Each structure stands twice: as C-alpha cells, then as structure tokens.
Amino acid sequence: MQLLIGPIVGLLLLGVGFGIVERFWPSIRGQRRLRRGWRTDLAWFAWQPTLGKLLSGVVVFVAIMSLGALVMSPIPTDELRGVSPRETWVTGLPLVAQVGGILLLGDFLGYWQHRAFHTVGTLWKFHSIHHSSTDLDWLSSVRVHPINDIASNVVVALPLLFLGFSPVAFAAYVPVLTLYGVMLHANVSWTFGPLRQVIASPTYHRWHHTSEVQGLNKNYAGLFPWIDRLHGTLYLPKGVQPMQFGVAGEAIPTGFFGQMKYPFRGAGSSSEPAEAASARA
Ligand SMILES: [Zn+2]
C-alpha cells in the first residue's frame, strides 16, 4: 500500500491540474472526465511508477553495465559511485550545456526510435498499445507497454551516456520530460502560436495519435517539431484539431492484462505496421 501512496498523490495533483486546463482550453469539448478506457489507464498509472519503473530501471542498468564491460572502459555511471568518470569532450561542458545537448540529441534519437516503433511490424505491436486510447487526455500518456518503455529508454540513454553526458544532467531531464509528455496528451487545444513548429504542443502530439488518415505516421518528435519538418513528417494544420483517435483495423484488447499480453500473441492477429496500412489507404 505504501508503494501506491506516491502514485495516488501524483494522480490527485495531476488530475486537479490537468482537470483545470482541460476544462478551460478543451480540444474536444464535452469529453467526459471518466471517458472510455479510464479504468485501464488507472491500472497503467499504478504500474508505471512502481513495478514498471523497477523493471525498466533494472533492465536499463544491466544494459549500461553490460555495454560498459563489453567496451572495457569505465562507464559514466561510475560518477554515481564516486569513481572518476570517463573523460570525453562532453564531460568538460557545463551542466546547462549538457542538459541542452541531451534535449537536442535525445530528441533526434527519440525521433528515430519512435519512427521505428511505427514502421517495424514487431515493434508496432508493442507501440500500438500506446495508440489504443480512443478518448485521449493526459491520463492516456501512461499507457505504454514495458517493452516499448525499456527499448526507447535504452536507445536514447545508452548513446548519450557513452558520449559522456552526466547522469546528473539526466536526473534533471527525465522528470521534466516525463511531465511534459503527460501534458502533450492532454485534451487541450494549445499550439503555442508562433512557436508551434519549434516546441511540441498538445495539438502537435494529438495529431500523432489521430486515426484520421492525414495525421498517420506524422509528428514523431517528443520536443521539437522542426525535427519532423526536417524529415518531412510534420503535420500541423492551422486552426484544426484532431477528432478521432485509436488504432484503426486492429482489435487491441481494452483491459490492462490483455494489453500487456497483446504484443506477444502469435502471427494470427493483425500486426500490420501503421505506415504500411496508411500507404495503402
Ligand atoms: Zn507513436
């Protein structure tokens, strides 16, 4: 029970905060607070900061240690143990520059891992869980399969740590980015006006979640829409909000345990990657 106190307090704080902004700046007006899938998302909300975090932390730590041993060099996490960290050109940078570097490089790496999750069939089965919400709001952000979570963390964190970015800079970046990610799913119509193609907004990310064909396989970046623009995958029409969400053409279970198991099902179930589906559409 003690394990759940943090998540319960977090749920209340986030629920009140996002409840207010979703009330005053709704993207879809009239969407119910207890919308479709809220029970499933509550289960995901309990999972993510507890067992999910433990599982992800262990796997990511083992991955970093294994790679460190493999390349026979001291690893960046030595800093946490009071051992001199490996010196690279990055380690000499001030902390603020390292945070900036992590944001920029992390978003480039994040763009490509996210795109891979949409275009490789096996990966899509794991990522499809995140896209299965048919009513999207801030709570939908927690619906992430652990394999998706672990793989995306490893793909982004490993290269950055081995370049020499400080784990302290990471520690500053992760909670901020997590909260920002929750905001991106909220049922709000913010676009950030003149910065709409510079910094990710809820409207930008909600277009990523749409099941409307014009928005499929667009807006992969987590923070910087201009990365999508560079790659030709930006979709952000002025004055229009996406209205339909979810995964078309796939029967994804609606319950927590069914969603956990879904990606491991045999080839009998549909596992068509979204880009292949949209290419035909
Ligand atoms: Zn996605």
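The following exchange examines how the terms applied to this predicted model rest on computed values.

Colleague: What is the basis of the numbering and of the values?

Modeller: This is a predicted model, in which local features need pLDDT of at least 70 and side-chain atom pairs count only at pLDDT 80 or more, whereas totals for chains, interfaces and linings use all residues. Residues are numbered from 1 along each chain as its sequence is written, and side-chain values use heavy atoms, with hydrogens and water left out.

Colleague: What makes up the chain in terms of helices and strands?

Modeller: The chain has ten helices and zero strands. Helices are DSSP runs of H or I with at least four residues, strands are runs of E with at least two, and both are numbered from the N terminus. Of the contacts between residues at least 6 apart in sequence, 73% join residues at least 24 apart; a contact means heavy atoms within 4.5 Å.

Colleague: What makes H114, H118, H127, H131 and H208 donors of the zinc ion?

Modeller: Donors are N, O and S atoms within 2.8 Å of the metal (3.2 Å for Na, K and Ca). The NE2 atoms of these residues coordinate the zinc ion at 2.1 to 2.2 Å, so they meet the limit of 2.8 Å. Water is not among the atoms, so sites may look incomplete. The donor residues follow the spacing H-x3-H-x8-H-x3-H-x76-H in sequence. H118 belongs to helix α3 (residues 95-119) and H208 to helix α7 (residues 202-209), so this pair ties together parts that are 90 residues apart in sequence.

Colleague: Why are H118, H208 and H127 called buried?

Modeller: Buried means under 20% relative accessible area, exposed means over 50%, and partly exposed lies in between (1.4 Å probe, protein chains only). H118 has 2%, H208 has 3% and H127 has 5%, so each counts as buried. By the same term, buried residues make up 45% of the 281 residues in the chain.

Colleague: Which residues does H127 contact beyond its neighbours in sequence?

Modeller: Leaving aside neighbours within four places, H127, a residue of helix α4 (residues 121-127), is in contact with H114, F117, H118, N148 and H208. The side chains of H127 and H118 are joined by a polar contact of 3.1 Å. A polar contact is a pair of N or O atoms within 3.5 Å; within protein, one must be able to donate a hydrogen and the other to accept it, and residues adjacent in sequence count only if both atoms are side-chain atoms.

Colleague: How do you know that α7 is largely enclosed by the rest of the structure?

Modeller: Eight of the eight residues of α7 are buried, so the helix is largely enclosed. Its buried residues, including H205, W207 and H208, pack against α3, α4, α6 and α8 (225-231).

Colleague: How do you know that the span of α6 agrees with the expected value?

Modeller: The expected span is 1.5 Å times one less than the number of residues. For the 19 residues of α6 (residues 167-185) this gives 27 Å, and the end C-alpha atoms are 27 Å apart, which agrees. At the N-terminal end of α6, S166 acts as a cap, with a side-chain oxygen 2.9 Å from the backbone nitrogen of V168. Helix α3, with 25 residues, reaches 35 Å, close to the expected 36 Å.

Colleague: Why is the pair of Y111 and W112 called edge-to-face?

Modeller: Rings of Phe, Tyr and Trp (its six-membered ring) pair if their centres lie within 6.5 Å; planes under 30 degrees apart count as stacked, over 60 as edge-to-face and the rest as tilted. The structure holds 13 aromatic pairs. In Y111 and W112 the ring centres are 5.3 Å apart and the planes stand at 80 degrees, so the pair is edge-to-face. Y111 is buried at 0% relative accessibility, whereas W112 is partly exposed at 44%. Elsewhere, ring pairs link W44, W47, F256 and F257 into a cluster.

Colleague: What places K125 over the face of Y262?

Modeller: A charge sits over a ring if NZ of Lys or CZ of Arg is within 6 Å of the ring centre and within 35 degrees of the ring normal. K125 lies over the face of Y262 at 4.9 Å from the ring centre, so the distance meets the limit of 6 Å.
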